[in-house]
Amino acid sequence: LGSSVRKQPPVTPPCPRPCPSSPRRAVPCPAVPCHDTHRPAAACGCSWCCCRLRSCLPGSARLELWGPEEGLQRAGVHGRVGVLGVHRHHSPAPPVLGAAVPRRSPALLTLHSPPGPVEAPGQAAVLRALSSRLLALAADPEREPDPSVYLALRLAGEHDLRREQQYLARLQDAFQHRYSRSLQAAGDPWHDAAGTEHSTSTDVEWLETGRLALYLLGLRATCPPPEHKPLRSLVTWLKYYLEEDWAGSRRHGHPITSYYQYGLGVLALCVHRKRVREEVIRRLLAAEQHAKFGYSAGSAIDTEAVAAMAFTCLEQERLVGSTLAAELRAAVHGVRKRMVEAQGEDGFFGNVYSTPWAMQVFIATNSCEAQAPYGRAMAALLRHAGAFSTAATLAQALPALHGRSYLHIASMRCEEELDTLTPISPEPLSELPGNKTVRLVVECPLPSCPQRWLYDHAVLAPASATLLDVLRAATEQGPPDFTFDTQDTPQGPYLSGVLGLEAQQQKRKYWQLLTAPSTSLQMGIADYRPCDGETLILRLSQW
Ligand code: B12
């Protein structure tokens, strides 16, 4: 293994069970050698798991594995280190995914890496390039500031502190004014914001739970921390939105926003150590237990992961009683198990975009059983790093690639940070010569639809056209006339209306994007580039 053999640590008490599903309070493992973090099993889980935490955190300082063999097996290692991204100081050989651990290993094997994201050869370079690209995208004044971008910058190993500060100022500008008034002074924002609950517009304006949650998470990650007073008002607003979502979920069986945003809301409050009503937590728990997170176009992984992190935070921060804590722990254990079982041949949990979220759960929960799946997922993400071409997708992928989860924010301290990152703008895509023909089909299969087939025509577009370009070309190529509407979101332009039929948030109707015969696209209209001869379907769907 090429690692140094250190003195035998104090005798490790035998693990009472294979591996606790979640450690108690976050033990600052990266800063403390594992053998110093020994706690009675009841306090932090058995020491095997303390060690395992490091192996989940490629960006952290150490991976330490305790022998003897019996212990490794107990922790589910079975002689393999299923992790990519640990750089060994003491070994000239690069670390390899799945590197064999000697079966008769000495008492303690220590793999040291300097602080910061030092990973397997190639990985560090890829990570740095991705962070630099996000920094460049963040510097674009045309883009609305997005709290997840700020979070990704803060959770990285290297920084451009001046640019981060500027980005924070833009975020504060966008959010703080909006929430500076008190809730009472604002009246009932839910009814004021976008007309009424029965509005037929797409009214994304009032969908605030998730965005406010992300902003609050971002504020917790600032250095120095923000003042108390504005924070208090934001927390009150978030509690208010969460209550609205809770009430919506009771009334309609789903939150007004989505369970993803609901989960983010609980997580953000927890990271700020604010209590959430037990019923509000139980609602999310029940939704998780009754598999209510899926929607027609996508898997439930992203939402499951966000909920699992919220549950983990509540438990780790001891913000719930012991009965609920046990239920949350069991739920997280179930989520992890399902994720591991559902991991695809390609290494992804769900798809490439949900995989970083799933990985955050393993990181946050220090999960022994996920070592090998985690390593496979990391390798898959690095192979497909090009998929993260937009600020939003990059921002969601980078924390996990850096071995960090949003829970890390709860224990972030102001300390010296590497101010070494520089922005790199992505190369503009080279234009392909010539044209392509794309068949565009518009379907409306819902009972409320005037008819099922609304449009079916070939559209001529430049060879490198995105779906958005194809839609624009279609509007110029009638008859019959083609029209569409979009709304700007942090994920890019969202197709909100086609041929005068609007997506309706309230009724959970949206324009689903598919490629024939019926594969749901994993990208939005601005990012997907159809091939020549491809048939694209815009289908009004229920989610
Ligand atoms: C809930 C959700 C939806 C809901 C949103 C409605 C709602 N009221 O919440 C519905 C079901 C409508 C939806 C639709 C789609 N979604 Co969606 N969605 C999500 C999910 C799980 C949470 C989004 C969220 O609430 N974020 C929190 C808030 C605070 O952030 P936000 O940016 O303000 O969120 C808004 C936008 O993101 C927008 N939105 C949601 N999905 C998408 C996708 C695209 C491409 C765009 C531009 C906008 C958009 O709706 C959100 C609420 O207003 C994310 C998961 C994730 N990891 O982000 C996937 C996710 C964003 N969706 C994704 C995709 C692919 C789609 C679709 C393109 C699927 C399809 N084939 O039709 C469509 C969009 C089509 C269109 N008309 O443009 C991908 C995007 C990947 C990428 N490359 O960018 C994600 C990451 C899921 C995944 N793992 O693949 N989605």
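## Close-up views of a predicted model

**Figure 1. The disulfide of Cys 270 and Cys 313 is left-handed, because the torsion about its S-S bond is about -95°.** The model shown in this and the following views is predicted. The sulfur atoms of Cys 270 and Cys 313 are 2.0 Å apart. Cys 270 belongs to helix 10 (residues 259-271) and Cys 313 to helix 12 (residues 301-316), so the disulfide ties together parts that are 43 residues apart in sequence. Cys 270 has a relative accessibility of 0% and counts as buried. Cys 313 is buried as well, with a relative accessible area of 1%.

**Figure 2. A disulfide between two loops joins Cys 223 to Cys 414.** The S to S distance in this pair is 1.8 Å. Cys 223 is found in the loop between helix 8 (209-220) and helix 9 (228-252), and Cys 414 in the loop between helix 16 (391-401) and strand 6 (435-443), so the link ties together parts that are 191 residues apart in sequence. Cys 223 counts as partly exposed because its relative accessibility is 24%, and buried would require a value under 20%. Cys 414 is also partly exposed, at a relative accessible area of 46%.

**Figure 3. Cys 444 and Cys 449 are linked by a disulfide.** Their sulfur atoms lie 1.9 Å apart. The angle about the S-S bond of Cys 444 and Cys 449 is -75°, and the link is left-handed. Cys 444 and Cys 449 are both buried. The structure holds three disulfides. Another cysteine, Cys 531, counts as partly exposed at 47% relative accessibility.

**Figure 4. Trp 237, Tyr 240 and Tyr 241 make up one aromatic cluster.** The structure holds twelve aromatic pairs. One of them is the edge-to-face pair of Tyr 240 and Tyr 241, at 5.9 Å centre to centre and with 65° between the planes. Tyr 240 has a relative accessible area of 16% and is buried. Tyr 241 counts as buried too, at 11% relative accessibility.

**Figure 5. The rings of Phe 482 and Phe 484 form a tilted pair.** The ring centres of Phe 482 and Phe 484 are 6.1 Å apart. Their planes stand at 35°, so the pair is tilted; planes under 30 degrees apart would count as stacked and over 60 as edge-to-face. Phe 482 is buried, as is Phe 484.

**Figure 6. Arginine charges sit over tryptophan rings.** The charged end of Arg 277 is placed over the ring of Trp 246, at 4.3 Å from the ring centre. Arg 452 has its charged end over the ring of Trp 453, at 5.1 Å from the centre of that ring.

**Figure 7. Five strands form an open sheet with mixed pairing.** The strand order is 7-6-13-11-12. The edges are taken by strand 7 (453-462) and strand 12 (519-520); each has a single partner strand, so one side of each is left without a neighbour in the sheet.

**Figure 8. Strand 11 (residues 509-515) pairs with strand 13 (residues 535-542) in the antiparallel sense.** Seven bridges connect strand 11 and strand 13. Among the residues of strand 11, Lys 509 has Gln 542 in strand 13 as its bridge partner, and Leu 513 stands opposite Leu 538 in strand 13. Seven of the seven residues of strand 11 are buried. Lys 509, Trp 511, Leu 513 and Thr 515 point one way from strand 11, while Tyr 510, Gln 512 and Leu 514 point the other way.

**Figure 9. A hairpin leads from strand 11 to strand 12.** The two strands are joined through three residues. Strand 11 and strand 12 run antiparallel and are joined by two bridges. Leu 514 has Ser 520 in strand 12 as its bridge partner.

**Figure 10. The whole chain, with 17 helices and 13 strands, gives the setting for the close-ups.** The chain has 543 residues, of which 56% count as buried. Among contacts in the chain with a separation of 6 or more, 71% are between residues 24 or more positions apart. The accessible surface of the chain is about 23300 Å², and 54% of this surface belongs to carbon and sulfur atoms.

Note on methods:
Residues numbered from 1 in each chain as written. Predicted model: local features only at pLDDT ≥ 70, side-chain atom pairs only at ≥ 80, totals over all residues. Heavy atoms only, no water. Disulfide = S-S within 2.5 Å. Helix = DSSP H or I, 4+ residues; strand = E, 2+ residues; numbered from the N terminus. Buried < 20%, exposed > 50% of the residue type's maximum accessible area, 1.4 Å probe, protein only. Contact = heavy atoms within 4.5 Å. Areas by Shrake-Rupley, 256 points an atom, 1.4 Å probe, with all protein chains shown as cover. Phe/Tyr/Trp six-rings, centres within 6.5 Å; stacked < 30°, edge-to-face > 60°. Lys NZ or Arg CZ within 6 Å of the ring centre and 35° of its normal. Pairing = 2+ DSSP bridges.
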